Amino acid sequence: MCEKGQQELFELGTKLEGLEAENDGHKVSITKLDECVGDCDLNQRKGKIITIYDVSLKMSIQGALADGTEVAGHITIPEVAHDSEADDYVFEIKITDETSAKQSIKPVIRKHLQPLICDKLANFPVDMIATHGGDVYIEASQLNNPAAAGAKA
């Protein structure tokens, strides 16, 4: 499970909350990252910082149809992983108290909000390294130095 610090990092790094899209008078935005379940990790390998993550995300959404009808619900992405491409992501969209009228928000989510989410997810590894890379990076000159490693035997 993503620990609280990792969830905060994920929220910070991807900036999902507040993303919004509009089309034909229909508006929708992400109001909260409700769940981040899985693993997020930074490692150093061959002198490079690498990200390894495999999480599922659940986000709350709110919006309004062109006629003013309020819409709320959730978007779940069951797998966001370091080795996934944007085309691999599955977006499960659930609308609260769904009616045929409220279904008209789904194309706005799929065509306009989904690409914005994918853009933010693509930046996650870079943001994660920028935020916490200094915590794991060890200079090459210190890699085989017992004094630098806390004199471990």
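**Buried cysteines and a five-stranded sheet in a predicted model**

C36 is buried, because its relative accessible area is 3%, and a residue counts as buried when this value is under 20%. The same reasoning applies to C40, which counts as buried because its relative accessibility is 8%. Although these two cysteines are covered in this way, the structure holds zero disulfides. A disulfide is a covalent bond between the sulfur atoms of two cysteines, and no such bond is found in this structure.

The model is a predicted one, and the confidence of the prediction varies along the chain. The average pLDDT of the protein chain is 83, and 76% of the residues score at least 70. When the elements of secondary structure are considered, the lowest mean pLDDT, 55, belongs to helix α1, which covers residues 4-14, whereas the highest, 98, belongs to strand β5.

The secondary structure of the protein chain consists of two helices and five strands, and these elements follow one another from the N terminus in the order α-β-β-β-β-β-α. The five strands form an open sheet with the order β1-β2-β3-β4-β5, in which the pairing is antiparallel. The edges of this sheet are formed by β1, residues 20-23, and by β5, each of which pairs on one side only. From one strand to the next, the twist averages 20°.

Within the sheet, strand β3, which spans residues 48-64, runs antiparallel to strand β4, which spans residues 70-81, and the two are joined by ten bridges. Among the positions along this pair, D54 has A81 of β4 as its bridge partner, while L57 stands opposite I77, also in β4. The hairpin made by β3 and β4 has five residues between its strands, and G68 in this hairpin takes a positive phi near 95°. Strand β4 also pairs with strand β5, residues 92-95, again in the antiparallel sense, and here the pairing extends over four bridges. In this second pairing, T76 has E92 of β5 as its bridge partner.

Strand β2, which comprises residues 26-45, contains S29. This serine is buried, because its relative accessible area of 19% falls under the 20% limit. When residues up to four places away in sequence are not counted, S29 touches L19 and E20, and the residues S60, I61 and Q62 as well. A further relation links S29 to L16, since the two lie 13 residues apart in sequence, with a C-alpha to C-alpha distance of 9.4 Å in space.

For the protein chain as a whole, 33% of the 153 residues count as buried. The exposed area of the chain is about 9100 Å², and carbon and sulfur atoms supply 47% of this area. Finally, if the contacts in the protein chain between residues at least 6 apart in sequence are considered, 57% of them join residues that are at least 24 apart.

Notes:
Residues are numbered from 1 along each chain as its sequence is written. This is a predicted model: local features need pLDDT of at least 70, side-chain atom pairs count only at pLDDT 80 or more; totals for chains, interfaces and linings use all residues. Side-chain values use heavy atoms; hydrogens and water are left out. Two strands pair if DSSP finds at least two bridges between them. pLDDT is the predictor's confidence in each residue, from 0 to 100. Axes are lines fitted to C-alpha atoms, for helices over the stretch in contact, and angles run from 0 to 180 degrees between N-to-C directions. Buried means under 20% relative accessible area, exposed over 50%, partly exposed in between (1.4 Å probe, protein chains only). Contact means heavy atoms within 4.5 Å. Accessible areas come from the Shrake-Rupley method with a 1.4 Å probe; for residues, only the protein chains shown count as cover. A disulfide is a pair of cysteine sulfur atoms within 2.5 Å.
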